[in-house]
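Here is a short tour of one chain, starting with its overall layout and ending at its core. Keep the 3D view open as you read.

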Amino acid sequence: MRIGDMKHKEIINTLDGARLGYICDVEIDWTTGQVKKLVVPGPGKVMGLFGRETEYLIPWENIKKIGEDIILVELKDGMSMKIDEY
């Protein structure tokens, strides 16, 4: 599967059923060529209009199933959140 194909799949957390969004970027280990993490934009600040301050960083090992339309992940509360530095 290509990363470009994965960008069109919705990410859903199996622990609470939350819809996290769609992949915007990936983190790759350039020495092995393996995908290390998926990056998904976090919730918007004000109704999603004024940008985002956090991102979900989802480690590859937290992916439980990749389906036709969705990717199921297992993330505990607050796990793998990163606040933008700009």
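## Overall layout

Helices here are DSSP runs of H or I with at least four residues, strands are runs of E with at least two, and both are numbered from the N terminus. With that in hand, the pattern along the sequence reads α-β-β-β-β-β-β-β-β. In other words, the chain has one helix and eight strands. Please bear in mind that this is a predicted model.

The chain counts 86 residues, and buried ones make up 31% of them. About 6,100 Å² of the chain is exposed, with carbon and sulfur atoms supplying 51% of that area. Looking at contacts with a separation of 6 or more, 37% come from residues 24 or more positions apart.

## The four-stranded sheet

Let us turn to a sheet that is good to trace by eye. It is an open sheet of four strands, ordered β2-β1-β7-β6, with mixed pairing. The edges are taken by β2 (19-22) and β6 (63-66); each has a single partner strand, so one side of each is left without a neighbour in the sheet. On average, neighbouring strands of this sheet are turned by 25° against each other, direction ignored.

Where does the mixed pairing come from, strand by strand? Begin with β1 and β2, which run antiparallel and are joined by three bridges. Here I12 has R19 in β2 as its bridge partner. The hairpin of β1 and β2 has five residues between the strands, and G17 in this hairpin takes a positive phi near 75°.

On the other pairing of β1, the sense changes: β1 and β7 are parallel and share four bridges. You can find E10 opposite I70 in β7. Strand β7 (residues 70-73) is also joined to β6 by three bridges, and these two run antiparallel. In that pair, K65 stands opposite L72.

## Both faces of strand β1

Strand β1 covers residues 10-13. Which residues point which way from β1? E10 and I12 point one way, I11 and N13 point the other way, and all are buried.

E10 lies in this strand and has 12% relative accessibility, so it falls under the 20% limit for a buried residue. Leaving out residues up to four places away in sequence, E10 touches R19, G21 and Y22, as well as D69, I70 and I71. N13 has a relative accessible area of 5% and is buried too. A polar atom of the N13 side chain lies 2.7 Å from the backbone oxygen of L75. L75 is also among the residues that N13 touches beyond four places in sequence, the others being A18, L20, V73 and E74.

## I11 and the nonpolar core

I11, also in β1, is buried with a relative accessible area of 0%. Beyond residues up to four places away in sequence, I11 touches A18, R19, L20, G21, I23, L38, V40, I58, I71 and V73. The C-alpha atoms of I11 and Y22 are 5.9 Å apart in space, while the two residues are 11 apart in sequence.

I11 leads us to the largest nonpolar core, which has 13 residues. Which residues have the most contacts inside this core? They are I11, L20, I23, L38, I58 and V73. The elements giving two or more residues to the core are β4, β5 (54-59) and β7. L20 is a good residue to click on next: not counting residues up to four places away, L20 touches I11, N13, V40, P41, Y56, I58, V73 and L75.

## The β3-β4 hairpin

Our last stop is a second hairpin. Strand β3 (residues 25-29) and strand β4 (residues 34-41) pair over five bridges in the antiparallel sense. V26 has L38 in β4 as its bridge partner, and L38 is also one of the residues with the most contacts inside the largest nonpolar core.

How many residues lie between β3 and β4 in their hairpin? There are four, and in the turn G33 has a positive phi of about 80°.

Key:
Residues are numbered from 1 along each chain as its sequence is written. This is a predicted model: local features need pLDDT of at least 70, side-chain atom pairs count only at pLDDT 80 or more; totals for chains, interfaces and linings use all residues. Side-chain values use heavy atoms; hydrogens and water are left out. Two strands pair if DSSP finds at least two bridges between them. Axes are lines fitted to C-alpha atoms, for helices over the stretch in contact, and angles run from 0 to 180 degrees between N-to-C directions. Buried means under 20% relative accessible area, exposed over 50%, partly exposed in between (1.4 Å probe, protein chains only). A polar contact is a pair of N or O atoms within 3.5 Å; within protein, one must be able to donate a hydrogen and the other to accept it, and residues adjacent in sequence count only if both atoms are side-chain atoms. Contact means heavy atoms within 4.5 Å. Accessible areas come from the Shrake-Rupley method with a 1.4 Å probe; for residues, only the protein chains shown count as cover. A nonpolar core is a set of buried Ala, Val, Leu, Ile, Met, Phe, Trp, Tyr and Cys residues joined through side-chain atoms within 4.5 Å.
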